[in-house]
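This report walks through a few local features for someone meeting the structure for the first time. Please keep the sequence and the model at hand while reading.

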Amino acid sequence: MVRITGGKVYDPANGVDGVVKDICISDAGSVVAGPSGGSVRTIDAAGMVIFPGGVDVHTHVAGGALNFARGLVPENQRVARKFMHSPELRAGIGGMTPTTFATGYLYAGMGWTTVNEAAVPILSAKHTHEEMHDIPIVDKSTLLLMANNELMLDLLEGGEFERAKSLVGWMLWAAKTYGIKAVNPGGVAAWKWGKNANQLHAPIEGYKSITAAQIIAQLAQIVDELGLPHPMHLHQNNLGVPGNVTSTIETMNILQGHRAHLAHLQFHAYGGQDWATMRSEAPAIAAEFLKNKNLTCDVGAVLFGDAVTITADGPWQHLLYELTGRKWGNLDVENETGCGIVPYVYSDHHLVNAVQWAVGLELLLLIDDPWRVYLTTDHPNGGGFWRYPEILRLLMDVEFRKGEVRKLPPEAQKRITLADIDRQYTFSEVAILTSAGPARALGLARKGHLGVGADGDVTIYSEKPNAEGVLFSYPRYVLKGGKVVVEEGQVRAISEGREFIVHPDFDPQIEEVIRPQFQNVYTISFENYPTEMSRLHHPEIVPCNTKGPGPTVVLSEPA
Ligand SMILES: [Zn+2]
């Protein structure tokens, strides 16, 4: 039993806003109403603020693409992180794509206890799960890449929606994943022929009639009908391109009537005709997003400095390579998806980068419904996740933020509205942005709050910023499942996180459709395709809800 006493508790899901109260966690790792005998460790949190452990709704931390990135930028990887000072800790390599053990230590060391790996192909799911197991402390979930899966596209084009739904259910279970990720729907399939899908209502290259819009709407409907806890997670078409505001708003229209999560919205909120005229359209995007209560989003903020861009969006990565002349890696995943990798540096002198930096902050400030917008950098695409405290400072301190805006190139300042925004995040809004909101969007009922029955994932920070003015970079304590894993910013104990998966209902006859295809178009046999349950070390099946949450779940209210 652990009893945390004397700290100000921020638990917005339960309506607790800075109240000094005890939090008690049982030996079994759950929040309980009070002490119940046995030995009690008391943590004196006077002068500290207490949050539910952070939840990252969109990050990239495991799988083949990450390994490719690690290999592609050895100069970046050589920034060694020294974790070997305790016999329990394992060695790790740093850089923008830290190795598995280091990833867990870095997340926990910042106060984040749950992460959602946002892109897993079925073909590499076995490897991804092995890596996920090697990421210590944090709980994890994974999203399956489906929007360019050729078996599914064939079924949708043939009008076989019910079979496509069964296929998606079968694939989710075969890969032991948690939800569905759609990346540049149709565009990654087209990239196999060197093409893209820029027009939402034009047929996809290689298909007679099916369009990106149809893939988006039908996949969102499939996710709703399967009752998955997390809505369809969408990386939209036209990521990163000037003028993409039009297709982003059109995508919101296409999604009406379905739940959906819009990933890294910052990369989809640009005006202008080309790179020279690119400007922020964050106000228009925020206004449209606020109207569509069926949607949640994460922001995908960028920070000046190093990044590595890694995405299934192969055609975008080729364009980025042409723009930068940096190294470029392209991976093809037969029949399912693709992947591109380009190392990148965001420069505060660069007009486009300065606009991107501002757009992320504008969206976080203008979407004034923290239950529907969540903090991410689309790690490592917009910057390392360990830099989240820098973004929180910009959100909480308007004078500091305006000072940073004044450092941008004058031409960039004309193309943004950030200097006119006075909103400052409160502690309670930070707790929603970093934990309560994303936990609810992921459908993880025991995460993101500190009520009785919640997982004992708690982060405790000093109430005062450090000498550099930064809060939240250095947790005094982090508890994971009631175990103190971080003390004074140092990882002190290791635990093994769980993996959340789903087992949706699907018609098992779908196997008779899939099996013969393997003979014809896959390079591995059907029997070797699914990930066996025994490969997962601490799986937990989260139930699907086919009776709800319905097409227009409102996420804006406290429970
Ligand atoms: Zn991503």
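## Two helices that meet

In this predicted model, the contact between α6 and α8 is made by Phe161, Glu162, Ala164, Lys165, Val168, Gly169 and Leu172 on the α6 side, and by Gln218, Leu219, Gln221, Ile222, Glu225 and Leu226 on the α8 side. Helix α6 covers residues 161-175 and helix α8 covers residues 212-226, and their axes come within 10 Å of each other.

The two axes cross at roughly 65°, and since angles of 65 to 115 degrees count as roughly perpendicular, α6 and α8 are therefore described as roughly perpendicular to each other. The crossing in which α6 passes α8 is right-handed.

## Two buried loop residues

Pro185 is placed in the loop that runs between β13 (179-183) and α7 (187-191), and with a relative accessible area of 1% it is buried. Leaving aside residues up to four places away in sequence, Pro185 touches Ala147, Asn148, Ala197, Ile204, Ala212, Ile215, Ile216, Leu234, His235 and Asn237. Of these partners, Ile204 is 19 residues from Pro185 in sequence, while the C-alpha atoms of Pro185 and Ile204 are 9.1 Å apart in space.

Asn149 belongs to another loop, the one between β12 (139-145) and α5 (150-157), and it is buried as well, with a relative accessible area of 0%. When residues up to four places away in sequence are not counted, the contacts of Asn149 are Ile122, Leu167, Met171, Asn335 and Glu336.

## Aromatic rings

Across the whole structure, a search finds 19 aromatic pairs. One of them joins Phe518 and Phe526, whose ring centres are 5.2 Å apart and whose planes stand at 80°, so the pair is edge-to-face; the angle is judged against a cut-off, by which planes over 60 degrees apart count as edge-to-face. Both partners are buried, Phe518 at 3% relative accessibility and Phe526 with a relative accessible area of 8%.

Elsewhere, ring pairs link Tyr10, Phe51, Phe427, Tyr461 and Phe472 into a cluster.

## Arginines over rings

Two arginines are placed over aromatic rings, and each can be described by its distance from the ring centre. The charged end of Arg393 sits over the ring of Phe400, at 3.6 Å from the centre of that ring, whereas Arg440 lies over the face of Trp371, with 4.0 Å to the ring centre.

Methods. Residues are numbered from 1 along each chain as its sequence is written. This is a predicted model: local features need pLDDT of at least 70, side-chain atom pairs count only at pLDDT 80 or more; totals for chains, interfaces and linings use all residues. Side-chain values use heavy atoms; hydrogens and water are left out. Rings of Phe, Tyr and Trp (its six-membered ring) pair if their centres lie within 6.5 Å; planes under 30 degrees apart count as stacked, over 60 as edge-to-face and the rest as tilted. Buried means under 20% relative accessible area, exposed over 50%, partly exposed in between (1.4 Å probe, protein chains only). A charge sits over a ring if NZ of Lys or CZ of Arg is within 6 Å of the ring centre and within 35 degrees of the ring normal. Axes are lines fitted to C-alpha atoms, for helices over the stretch in contact, and angles run from 0 to 180 degrees between N-to-C directions. Helices (H or I, at least four residues) and strands (E, at least two) are DSSP runs, numbered from the N terminus. Angles under 35 degrees count as roughly parallel, over 145 as roughly antiparallel, 65 to 115 as roughly perpendicular and the rest as oblique. A crossing is left-handed if the near helix is turned anticlockwise from the far one by less than a right angle, and right-handed if clockwise. Contact means heavy atoms within 4.5 Å.
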